[in-house]
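Reader: Hi! Could you walk me through this one in plain words?
Author: Happy to, here it is.
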Amino acid sequence: MSSPIGYLKGVGPQRAELLQKELGIFTFNDLLQHYPFRHVDKTKITFIAALAPGEEYVQVAGLLSPLEQIGERRVRRLTAQVRDRTGVLELVWFQSISLIQKMIQPGQAYLVYGKVSFFMGKPQIVHPEMELWDPEKLKGKDYLEPVYPSTEKLKAKNLGGRQIGKLAGVLMQHLSERDLPENLPPGMREALRLMPRFEAFRNIHFPRTNALYEAAVRRLKFEEIFFAQLRMNLLRWERHRFSKGVVFEKVGDLFNRFYKECLPFELTSAQKRVLKEIRIDTGRGKQMNRLLQGDVGSGKTIVALLNMLLAADNGFQAVLMAPTEILARQHFQGIKELLEPLPVEVAILTGTTKGKERRLLLERLAAGGVHILIGTHAVIEDPVRFSNLGLVIIDEQHRFGVAQRARLWDKAPIPPHVLVMTATPIPRTLAMTAYGDLDYSVIDELPPGRKPIQTVHRYENDRSLVMDFLKAEIALGRQVYIIFPLIEESEKLDYENLMQGYDVIKTYFPEPQYWISMVHGKMPAFQKEENMRRFVTHDTQIMVSTTVIEVGVNVPNASVMLIESSEKFGLSQLHQLRGRVGRGAEKSYCILLTGKKLGNEARERMKIMTSTNNGFVIAEKDLELRGPGDIEGTRQSGMLSFRLVDIVNDRAMVEVAKQQCEQILKDDPDLSKPEHAVLKDFLRSQNGKTAWSKIS
Ligand code: ADP
Ligand code: MG
């Protein structure tokens, strides 16, 4: 299966090179996994008179007229007609004209295949696939003929979607069951009624019926998702069993005193559950690697804090990393206040910690004089040394790359426990597929007494009314956010767009009655911080900004989130922005302002936003609307690039595969039982061929 594609009969060095370049087909195996995107019933020939709009791909048989070249240079094209008993079909070529002229023989009968379109009411096929008509060939064709993805370059070299099928046919003839051995345990395959593997490969290419094709796809999809999950789970199991981790063995004074004396509220049952999960994880001598998901405002920080106290109780230092300076400062102030009565040393380290202050802090850290360090990515820079680092908590992880996380490992002799917290709502199906190697916790409950944010959709021509509403809220002593989208490729255009918006806002809110903070990406960091600070301290009532505040500040007094050109935002972004309000005692509002004309998808997004506040529901919808490729943090990872599986539409199958995996590993974590040997063999044969091993 790993033979170079050039060894296949009918390929040769030239075509091999093209297949590699154009389609990434290097080996027999690559060709086998270059699946057809449709099948043609070769025995079905349509009469030209019966061609109708909307029919798409058809096969027609008839006599070919002479070729005719029309136009000059860029509009040059080649045309011909094919005629059967019932009518005439126009054929058009724009490319490879001289090649076509050489190959095609006017006056002969041809079998013509392609996508029909209608031009001035007449049917035509652009760049048809042509084959000399041979009725003998139709006999004995008891399978549906596959059509493969191809490219113009390949088509010009006679490697169109159908010709690739011929190669696949040659390959299939050479293969036997031994080349494609079954890789699922027999019991499982039967229980799930999956087609045997070899048969599935044959039927995904050359099925006799549609039903067989579908069964083949189902089998191969299952295999794909099952092994992906098995690998992830094995990584996790291996870590559970073999990794070394520091032990937080006791719940000590700090934790207990804080819990009894300082905690300003009762924990929700979801928070308690997650804490218990963390307790178990950090107490058994293995490294914890846990993803904690919880909607905006669900109370992740307090869970992080209790976890850090647990570390301190056991003599370890803990770090909390935040994506921005302002967020780090907020965490620092909040946590310092909460820990006031306790003998816990808390410090902050960011890019702006400089000079003597910085030097002294680094010394204290290395000597163990600091228990909890809060900061930005500055905390993982080289000069930072710890005396006894036991826990690292990363808030909003998608701003920190895998490589940055890895830099923590050499900050302690035994790798510290890691808790990754995120409010970016990733649907469960996706989380367990993309982060299957991390353990997963979720806070799926908001603290009691939250007033739901009221979300409304308003059109541009209601702007005055909307601004009046903002004024009324400000008159009540509240603050408001006004957010502009980042839409253009160029920062300059975005900047101009924001400035125009700002000018409009200013006409509604003139100084000195109103003061506005503005923050945007082109602003120097210190100015950004200063403008944010003025809003936090209520020096300004209005924050005008691009999405830079998406992850960030906590201003409980802010009660209105106005989002300009809302149609330009994705669902999860809108939800994140909305999460900036509704943090105080006052009733809060989110206003989605859009233009009059909305596309269907944008309209759908507005509908979803105004109908639910639940981040997980929104995440699921987002996935349905946009597909998994766009979910933040998974894009670069390539973790979700499946050949056949579509995480959204195949969710049910993903779930089944997950259960199967868990069941198998529960009974047999080494895959040492004889019936699991096939799994082990297959995984071993795949080693080095996938990117899975790179996942941290
Ligand atoms: P996020 O999960 O978005 O990081 P935070 O940790 O910032 O949320 O919490 C949001 C707000 O909810 C904070 O003001 C916090 O003090 C409060 N909070 C957290 N847990 C509870 C609880 N169990 N009961 C009441 N308020 C809580
Ligand atoms: Mg938070």
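Author: Let's start with a term: domain bounds come from an automatic or database domain assignment. For this protein chain, that assignment gives domain 1 (44-140), domain 2 (253-443) and domain 3 (454-612). The C-alpha centres of domain 2 and domain 3 are 30 Å apart.

Reader: Cool, what should I know about the model and the numbering?
Author: This is a predicted model, where local features need pLDDT of at least 70, side-chain atom pairs count only at pLDDT 80 or more, and totals for chains, interfaces and linings use all residues. Residues are numbered from 1 along each chain as its sequence is written, chains are lettered from A and ligands numbered from 1 in the order in which they are written, and side-chain values use heavy atoms, with hydrogens and water left out.

Reader: Thanks! Which residues come nearest to ligand 1?
Author: Glu-266, Gly-297, Lys-300, Thr-301 and Arg-450, out of 14 around the ligand. Being near takes a heavy atom within 4 Å.

Reader: And which side-chain atom lies 2.9 Å from a nitrogen atom of ligand 1?
Author: A polar one of Gln-271. A polar backbone atom of Glu-266 is also 2.9 Å from a nitrogen atom of the ligand. For an oxygen atom of ligand 1, a backbone N or O atom of Gly-299 lies 3.1 Å away. Polar contacts here are pairs of N or O atoms within 3.5 Å; within protein, one must be able to donate a hydrogen and the other to accept it, and residues adjacent in sequence count only if both atoms are side-chain atoms.
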